[in-house]
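Here are my notes for you on this one. Keep the viewer open and go through the points in order.

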Amino acid sequence: MFNSKYSKALSVLLVIVIIGIVGTVGYFVYDIFVVNAKNNKAKEVVDQFSDSSIRREFDEKEDKDNGNPDNPLDSISSVESQKQAGEKTYMEGYEVMGTIEIPKTGIKYPILSEVTKKSLETSVAILYGVGLNEQGNTTIVGHNYRNKLFFSDNKKLSKGDLVKITDQLGNTVTYEIYDRYETSPSDASYMQRDTGGAREISLSTCTDDSSARLILLAREK
């Protein structure tokens with residue numbers, strides 16, 4: 001009698017353990033699937049953006065070469081028109097403003113035009129600033145999913161590490177991290193800092209426990 005009850009208890013416990021193991025393995029497999037799917041989509045969009053940037057750069061050069069040398073304003077006006085009419089790249093309905101590459105963490109993502117719940121589930125995005133590769137500071141924000149997606153590995157970055165930003169004109173600027181710190185989610189002082197005319201970026205993401213923000217400041221190398 002006792003042995004029968006003991007065997008049933010062990011059987012129930014074994015079933016619970018098996019369900020737990022299957023659930024855990026299933027979660028990790030699903031997580032890997034999601035990360036790979038998002039990274040593959042990001043690579044596809046980055047490649048599309050790069051192709052568009054090359055075409056814009058070529059068209060602008062051709063525009064300059066074909067302009068009226070006696071009237072430089074004709075060439076400038078034509079170039080500006082090309083910028084406005086140039087082919088744009090979109091991801092999930094958001095305009096791609098550029099790409100970010102961080103060699104140390106091995107990421108390369110499109111930078112989306114605005115911050116929304118959906119955009120941050122899709123890639124990283126511009127939160128505030130003068131614009132990519134412009135004089136001043138531009139803040140780029142991304143989620144920390146603790147699974148290597150987006151800015152999850154920003155905690156591995158430190159002073160001296162490099163960040164490469166490519167803008168819509170195909171220009172790539174390399175930035176070097178010069179400061180790193182944690183702050184409260186309500187602190188926005190780093191977004192409006194005076195760069196003294198230098199080109200700078202700020203990278204913002206959550207800490208692993210989501211209690212604070214990890215901020216990385218970088219300036220043109």
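1. Let's begin with a hairpin. Strand β7 covers residues 172–183, and β6 runs antiparallel to β7, with five bridges joining the two. If you want a spot to click on, V163 stands opposite Y175 in β7. Four residues sit between the two strands of this hairpin, and G170 in the turn has a positive phi of about 85°. Keep in mind throughout that you're looking at a predicted model.

2. Now look at the other partner of β7. Which strand does β7 pair with over eight bridges? That's β9 (residues 213–220), again in the antiparallel sense. A handy marker here is R180, which stands opposite L216 in β9.

3. Time to zoom out. The protein chain has three helices and nine strands. Reading along the sequence, you'd write the pattern as α-α-β-β-β-α-β-β-β-β-β-β. The chain is 221 residues long, and 37% of them count as buried.

4. On to the rings. A pair of aromatic rings is described by the distance of the centres and the angle of the planes. How many aromatic pairs does a search of the whole structure find? It turns up two. One of them is Y109 with F150: the centres are 5.1 Å apart and the planes make an angle of 70°, an edge-to-face arrangement. This pair links distant parts of the chain, with Y109 in strand β3 (residues 107–112) and F150 in the loop between β5 (136–141) and β6 (162–167), 41 residues apart. Both Y109 and F150 are buried.

5. Why is the pair of Y145 and F150 called tilted? Their planes are at 50°, with the ring centres 6.0 Å apart, so the pair is neither stacked (under 30 degrees) nor edge-to-face (over 60). Put the ring pairs together and you get a cluster of Y109, Y145 and F150.

6. Buried or partly exposed: where do the rings of this tilted pair fall? F150 has a relative accessibility of 1%, so F150 counts as buried. Y145 comes out at 32%, so Y145 is partly exposed.

7. There's another ring to look at, this time with a charged partner. R219 lies over the face of Y178, at 3.8 Å from the ring centre.

8. Next, a pocket. Rolling a probe the size of a water molecule over the atoms shows where empty space is left. The second largest pocket holds about 170 Å³ of space. Its lining has 14 residues, and those nearest the centre are L127, V141, Y190, S204 and R213. Which strand gives the largest share of this lining? It's β8 (residues 199–206), with three residues. Sorted by type, the lining has seven nonpolar, five polar and two charged residues.

9. Last, two backbone spots worth checking. E92 isn't a glycine, yet E92 has a positive phi of about 55°. You'll find E92 in the loop between β1 (90–91) and β2 (94–102). With a relative accessible area of 44%, E92 is partly exposed.

10. The other spot is R146, a residue other than glycine with a positive phi near 60°. Look for R146 in the loop between β5 and β6. Its relative accessible area is 45%, so R146 counts as partly exposed.

How values were computed:
Residues are numbered from 1 along each chain as its sequence is written. This is a predicted model: local features need pLDDT of at least 70, side-chain atom pairs count only at pLDDT 80 or more; totals for chains, interfaces and linings use all residues. Side-chain values use heavy atoms; hydrogens and water are left out. Rings of Phe, Tyr and Trp (its six-membered ring) pair if their centres lie within 6.5 Å; planes under 30 degrees apart count as stacked, over 60 as edge-to-face and the rest as tilted. Buried means under 20% relative accessible area, exposed over 50%, partly exposed in between (1.4 Å probe, protein chains only). A charge sits over a ring if NZ of Lys or CZ of Arg is within 6 Å of the ring centre and within 35 degrees of the ring normal. On a 1 Å grid over the protein atoms alone, a cavity is a set of points where a 1.4 Å probe fits but cannot get out, and a pocket is an open set with protein on both sides within 12 Å along at least five of seven lines; lining residues have an atom within 4 Å of a point. Grid points are joined across faces, edges and corners, and a volume is the space filled by probe spheres set on the points. Ala, Val, Leu, Ile, Met, Phe, Trp, Tyr, Cys and Pro count as nonpolar, Asp, Glu, Lys and Arg as charged, and the others, Gly among them, as polar. Two strands pair if DSSP finds at least two bridges between them.
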